[in-house]
Structure formats: structure tokens, C-alpha cells
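Please open the model in your viewer and keep the selection panel at hand. The tour below goes from one selection to the next and says what is to be found at each stop.

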Amino acid sequence: MGAFAEFERSLIRERQREGIALAKTRGLYRGRTPSLDTARAAELREKAAAGVPKSVLARQFGISRETVYVYLGAGD
């Protein structure tokens, strides 16, 4: 019974991968839109370089601290 379920699950995954590939070719599978546009991201980097705390930046821009770190790069 377990082997049959495992085989069925592998078929489901294969069909899912095919569907995602087709959607990507049609331009329907783009992923999440960025939280900030390029101008606001540049503003975020400028304020961070000026020494504004990351938690304050997160509140000002309406994003999480983790997202602030993503926009600043792993080194900050």
C-alpha cells in the first residue's frame, strides 16, 4: 500500500512540475512582486548608510526587518 501511495505522489509531482513549466512559458508564473520599487529601495539604502536603525527603517517602509536586510544585502 505504501509503495502505491509513493508512486502516486511521484506522478502528482511530475504533473505539477509540467504545469508550472507551461505556466512560466506563458508568463503566468512570475512569483511575488517586490515589496519596494527601485526608488524606494535606493532611499532605504541611503538611510541605512546614514545610520538609521534597521527596525526604524522597517516601520517607515512598512516591511519586516528581514526584508530590510534582504534589500541591504547579507553583509549589513
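A helix here is a DSSP run of H or I with at least four residues, and helices are numbered from the N terminus. Keep in mind that this is a predicted model.

**Stop 1: helix α1**

Select residues 2-26, which make up helix α1. Its 25 residues should span 36 Å at 1.5 Å a residue, and because the end C-alpha atoms are 36 Å apart, the expected span and the modelled one agree. Move on to G27, which follows α1 and has a positive phi, near 80 degrees.

**Stop 2: helix α2 and its two sides**

Now select residues 38-49, helix α2. This helix has 12 residues and reaches 16 Å from its first C-alpha to its last, close to the 16 Å expected at 1.5 Å a residue. Colour A41, L44 and A48, which are the buried residues of α2. Looking down the axis of α2, you will find these buried residues within an arc of 55 degrees, so they line one face of the helix. The residues that they pack against belong to α3 (54-61) and α4.

Turn to the other side of α2, where A39, E46 and A49 are exposed. Pick A49, which has its place in helix α2. Why does A49 count as exposed? The cut-off for exposed is over 50% relative accessible area, and A49 counts as exposed because its relative accessible area is 70%. If you draw a distance from A49 to L28, 21 residues apart along the chain, the C-alpha atoms turn out to be separated by 37 Å. Just after α2 you can also select G51, which takes a positive phi of about 100 degrees.

**Stop 3: A41 at close range**

Return to A41, which is found in helix α2. With buried meaning under 20% relative accessible area, A41 counts as buried because its relative accessibility is 4%. Leaving aside residues up to four places away in sequence, A41 touches L36 and Y71. A41 and Y71 are 30 residues apart in sequence, whereas their C-alpha atoms are 6.9 Å apart in space.

**Stop 4: where α2 meets α4**

Add helix α4, residues 65-72, to the selection that holds α2. The axes of the two helices come within 10 Å and cross at roughly 95 degrees, which means that α2 is roughly perpendicular to α4. Show the side chains of A41, L44, R45 and A48 in α2, which meet V68, Y71 and L72 in α4. Sorted by class, this contact of α2 with α4 has six nonpolar residues, no polar residues and one charged residue.

**Stop 5: around helix α4**

Which residues of α4 are buried? They are V68, Y71 and L72, and because they cover an arc of only 95 degrees around the axis, they lie on the same side of α4. What covers these buried residues includes α2 and α3. On the face of α4 turned away from its buried side, select the exposed residues E66 and V70. Just after α4 comes G73, which takes a positive phi of about 95 degrees.

**Stop 6: S55 in helix α3**

Finish with S55, whose place is in helix α3. S55 has a relative accessible area of 31% and is therefore partly exposed. From S55, draw a distance to E66: the two residues are 11 apart in sequence and, C-alpha to C-alpha, 9.6 Å apart in space.

Definitions and conventions. Residues numbered from 1 in each chain as written. Heavy atoms only, no water. Axes fitted to C-alpha atoms, helices over the stretch in contact; angles between N-to-C directions. Parallel < 35°, antiparallel > 145°, perpendicular 65-115°, else oblique. Contact = heavy atoms within 4.5 Å. Nonpolar A, V, L, I, M, F, W, Y, C, P; charged D, E, K, R; others polar. Expected span 1.5 Å × (residues − 1). Buried < 20%, exposed > 50% of the residue type's maximum accessible area, 1.4 Å probe, protein only. Arc of directions from axis to C-beta.
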